[in-house]
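Visitor: I am new to this structure and should be grateful for a close look at a single part of it. Please begin with one sheet, and then relate your account to what lies beyond it.

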Amino acid sequence: MKKLILLLLAITVSTISNAQSEKEKVQATVSQSQIEGHIYFLADDLLKGRMTGTQENKIAASYLANMLRGYGVKPNPLTGDYYQPVALQQVSPPLNKMVKLNAMSLEKIVVLEASALQYNDNAVYAGYGLKDDYLNINAKGKVLIIKGGSSETQDTRAAFGLRNEKMELALKAGAKGLIELIQVEDQIWDFIDHNFNAPSLSVASDDDSKMESEFTYVWAQDKEGGLATQLSQNRAIVADINISEAEKETITSQNVIGVVEGTDPKLKNEYIIYSAHYDHVGIGTPDETGDDNYNGARDNAVGTTTVLSMAQHLAKYPTKRSALFILFTGEEKGLLGSEYYVANPVLPLNQMVYCFNSDNAGYNDTTVATIVGLERTTASKHIKEAAIAFGLTAIDDPAPEQGLFDRSDNVHFAKAGIPAPTFSLGFTAFNGDVTKYYHRPGDEADTLDYEYLFKFFSAYVMAGRSIGNDPTTPVWTRGDKYEEAGKMLYGKE
């Protein structure tokens with residue numbers, strides 16, 4: 001019995017010692033001053049919000065590539081440098097966009113689908129523009145006026161989610177276009193205006209020339225809903241519309257990629273992806289102070305710096321599994337960099353056993369790290385323990401109604417079958433200080449709590465070490481909607 005007790009004691013001491021040494025390795029590379037340096041550079045006014053396709057976005061990519069080079073991280077194995085070129089089709093908003101209804105100009109409009117349209121004729125009011133609204137109208141050759149959302153909800157997110165259905169119904173009915181009146185406050189409209197009255201991007205393809213829009217779809221702000229009510233009561237609505245063709249061109253952006261090989265002869269063939277997007281939304285509508293520079297410190301200079309911290313650490317202290325670092329372009333334009341990467345991986349996707357993404361909006365609780373999808377993979381225990389080691393608590397997504405798991409780059413990897421949560425700054429609700437800075441000019445480096453970030457970054461690096469060294473490969477938890485995709489990717493029953 002005495003020998004057994006001594007043996008158990010020795011094992012316990014050895015385990016504690018090993019855990020301490022792992023923590024000490026993290027502490028040896030994660031530096032608060034370096035964190036500040038990266039974030040202040042990436043969120044500097046001179047980078048003008050790092051919008052995809054701009055020169056400033058390319059400067060940010062160069063900075064990231066040279067950080068990886070300086071750490072000793074190996075380059076993209078396909079190119080020999082730290083870049084993956086991403087060809088994108090850019091569509092600039094129409095230069096002319098005038099809409100009048102009964103001689104009243106709609107001043108706040110965005111064009112979702114742009115085909116040249118000259119129209120001076122009666123328009124048809126069509127309720128919400130959903131299936132039942134077409135029962136008693138003749139839409140052929142007409143522009144339709146509709147209300148935002150549905151009878152259940154006029155929420156802007158719901159309206160955006162219904163846009164494809166509404167457009168398909170209008171096209172099927174032979175309509176020329178839609179004018180959708182969105183009931184929304186000025187702050188949310190400013191966000192809509194900033195996103196849709198700027199050039200849009202999509203991954204370029206050989207079929208782009210065949211995908212010309214044959215339809216015009218406009219959103220107009222109807223702040224109190226009064227215009228929709230008024231037009232619904234009018235028997236005649238005269239629409240005067242002049243919208244020019246959108247301008248298209250192909251541009252090249254870039255993902256930034258690096259590799260660190262693992263130490264175990266067998267496990268080094270498995271890779272952990274450490275990912276974040278480095279782009280933001282650029283220059284936009286000024287706030288009340290006149291600031292029009294959307295710096296993107298939280299979103300996503302923080303996430304980008306999280307990955308840099310991991311790269312610097314693993315270059316010095318590699319794990320048994322290999323590491324693939326990917327810093328994506330085009331997330332703010334529709335998750336484009338990650339979409340392109342999954343379609344064009346530099347290493348086989350079935351060797352990627354985990355994607356540890358980092359993306360952020362803001363934070364309102366400095367005692368936690370919020371992991372969107374925490375309990376959806378078997379690596380959750382490592383993340384929780386790492387957070388505790390640095391004085392934080394790891395919590396799962398507190399706002400599932402926002403659909404955050406499917407709104408960041410991780411989702412493309414999840415759809416491919418790769419377990420892929422997102423490590424985010426601590427929030428217990430998607431409001432308050434989170435939305436205060438989300439896609440706003442005030443998201444600047446000097447508004448961040450760097451003592452909290454030091455803990456946050458340390459926890460991410462510690463979690464990555466534990467996942468990278470675990471002899472058991474992480475998988476989706478049983479019953480997850482992406483579990484079957486994982487089985488197909490890895491050839492498991």
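**The open sheet and its surroundings**

Guide: In this predicted model, Val111 has Val218 of strand 10 as its opposite residue. Val111 thus offers a convenient place to enter the sheet. Strand 5 and strand 10 (residues 216-221) run antiparallel and are joined by four bridges. Both belong to an open sheet of eight strands, whose order is 4-3-11-6-7-8-10-5 and whose pairing is mixed. The two edges of this sheet are strand 4 (104-105) and strand 5 (109-113), each of which pairs on one side only.

What does mixed pairing look like within this sheet? Strand 6 shows both senses. With strand 11 (residues 237-243), strand 6 (residues 117-125) runs antiparallel, and seven bridges join the two. Asn120 and Asp240 of strand 11 stand opposite each other. With strand 7 (residues 143-147), strand 6 pairs in the parallel sense, over two bridges. Here Tyr125 has Ile145 of strand 7 as its bridge partner. In a regular strand, side chains alternate between the two faces of the sheet.

Close to the edge strand in sequence comes a backbone detail. The loop between strand 3 (97-101) and strand 4 contains Asn102. Although Asn102 is not a glycine, its phi is positive, at about 50°. Asn102 counts as partly exposed because its relative accessibility is 32%, and the class of partly exposed residues runs from 20% to 50%. Most residues other than glycine have a negative phi, and most peptide bonds are trans.

Beyond the sheet, Lys48 shows a comparable feature. Lys48 is not a glycine, yet has a positive phi of about 50°, and it lies in the loop between helix 2 and helix 3. With a relative accessibility of 43%, Lys48 is likewise classed as partly exposed. The peptide bond between Asp299 and Asn300 departs from the trans form: it is cis, with omega of about 15°. Asn300 is part of helix 8.

Helix 3 follows the loop that holds Lys48. The 17 residues of helix 3 (residues 55-71) should span 24 Å at 1.5 Å a residue, and this agrees with the 25 Å between its end C-alpha atoms. Among the buried residues of helix 3 are Glu56, Asn57, Tyr63, Leu64 and Tyr71. The elements that cover its buried residues include helix 2 (32-42), strand 2 (83-92), strand 12 (247-260), helix 8 (297-316) and strand 14 (322-328). Just after helix 3, Gly72 adopts a positive phi of about 95°. In helix 2 lies Glu36, which is partly exposed because its relative accessible area is 27%. From Glu36 to Tyr63 there are 27 residues in sequence and 15 Å in space, C-alpha to C-alpha.

In soluble globular proteins, nonpolar side chains tend to be buried together. The largest nonpolar core here has 62 residues, and Ile39, Tyr274, Phe325, Ile383 and Leu453 have the most contacts inside it. Helix 13 supplies the largest share of this core, 11 residues. Setting aside residues up to four places away in sequence, Leu453 touches Ile35, Ile39, Val302, Leu425 and Leu448. A second, separate core has 31 residues, including Ile326, Leu347, Met352 and Leu404.

Aromatic rings supply a further set of contacts. The whole structure holds 23 aromatic pairs. One of them joins Phe356 and Tyr460, which are stacked, with 4.5 Å centre to centre and 15° between the planes. This pair links distant parts of the chain, for Phe356 lies in strand 15 (residues 352-358) and Tyr460 in helix 13 (residues 450-469), 104 residues apart. Phe356 and Tyr460 are both buried. They also belong to one aromatic cluster, whose members include Tyr274, Phe325, Phe423 and Phe457.

Charged side chains meet rings as well. The charged end of Arg298 sits 3.7 Å from the centre of the ring of Tyr437, over that ring. Lys23 lies over the face of Phe390, and its distance from the ring centre is 5.1 Å.

Key: Residues numbered from 1 in each chain as written. Predicted model: local features only at pLDDT ≥ 70, side-chain atom pairs only at ≥ 80, totals over all residues. Heavy atoms only, no water. Expected span 1.5 Å × (residues − 1). Buried < 20%, exposed > 50% of the residue type's maximum accessible area, 1.4 Å probe, protein only. Contact = heavy atoms within 4.5 Å. Pairing = 2+ DSSP bridges. Phe/Tyr/Trp six-rings, centres within 6.5 Å; stacked < 30°, edge-to-face > 60°. Lys NZ or Arg CZ within 6 Å of the ring centre and 35° of its normal. Core = buried A, V, L, I, M, F, W, Y, C linked by side-chain atoms within 4.5 Å.
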